Amino acid sequence: MRRRANVLLVVLLASAVARADSVVGQGMAPVAAGDVDAARARAIDEALRRTVDDVVRSLVAPEYREAHDEVIRKRILRAARTYVSKFRILDEQAISGSYLVHVLADVPDERLRRDLVELGVLGRVKGAAPSEAGAGAATRLAAIDAEET
C-alpha cells in the first residue's frame with residue numbers, strides 16, 4: 001500500500017513539473033497551383049502557431065504582450081512547432097481554394113516560460129535558478145535566427 005502511495009506521489013509530482021496545456025487551434029492556407037499537400041502543411045503550421053500563441057496569451061499580461069509583440073512573433077511564434085510536444089488533427093477539409101485544419105496540441109509551458117524569461121517578456125520562473133531560467137533558450141533562438149538568414 002505504501003509503495004502505491006509513493007508511486008502515485010511520483011506521478012503527481014512529474015505531472016506538476018511538466019504541465020502541458022491541450023489547446024485547440026485552427027489554421028487555414030490557400031491552395032496554390034493545386035498543391036493541396038503544401039496548403040495542408042501550411043494550415044497545420046498556422047494552427048500550431050495559434051495554439052502556442054494562446055498559451056503565450058495565458059502566460060503574459062496584455063500590456064506586456066503588446067510591449068513585446070515583435071519579439072514574441074519573431075522568436076516564439078516562428079518556432080511554434082518546437083513548443084508543441086504532440087498534436088492530432090481533429091478535422092480538415094479543402095474549402096473554396098483553401099485548406100482548413102483544426103488541431104488539438106499539447107504545449108508544455110515549462111520551456112515556453114523559460115524562453116519568455118530569457119527574452120525578457122516574463123519575470124523569473126519560480127523555482128528556477130537564474131542560470132536555468134533560460135538554459136538552452138539562447139542556443140535554440142540563435143539557431144532559429146540563423147535559419148532565417
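Visitor: How much area does the chain expose, and what share do carbon and sulfur atoms supply?
Guide: This is a predicted model, where local features need pLDDT of at least 70, side-chain atom pairs need 80 or more, and totals for chains, interfaces and linings use all residues. Residues are numbered from 1 along each chain as its sequence is written, and side-chain values use heavy atoms, leaving out hydrogens and water. With Shrake-Rupley areas and a 1.4 Å probe, the chain exposes about 9200 Å², and the carbon and sulfur share is 55%.

Visitor: What pattern does the chain follow along the sequence?
Guide: Helices (H or I, at least four residues) and strands (E, at least two) are DSSP runs, numbered from the N terminus. The chain has six helices and three strands. Read in order, they give α-β-α-α-α-β-β-α-α.

Visitor: Which residue in strand 3 is the bridge partner of K86?
Guide: Strands pair if DSSP finds at least two bridges between them. Strand 2 (residues 86–95) and strand 3 (residues 98–108) manage nine, in the antiparallel sense. For K86, the partner is D106.

Visitor: Which residue in that hairpin takes a positive phi?
Guide: Two residues lie between strand 2 and strand 3. The one with phi near 45° is S96.

Visitor: Which ring does the charged end of R111 sit over?
Guide: The rule wants NZ of Lys or CZ of Arg within 6 Å of the ring centre and within 35 degrees of the ring normal. R111 has its charged end 4.4 Å from the centre, and the ring belongs to Y83.
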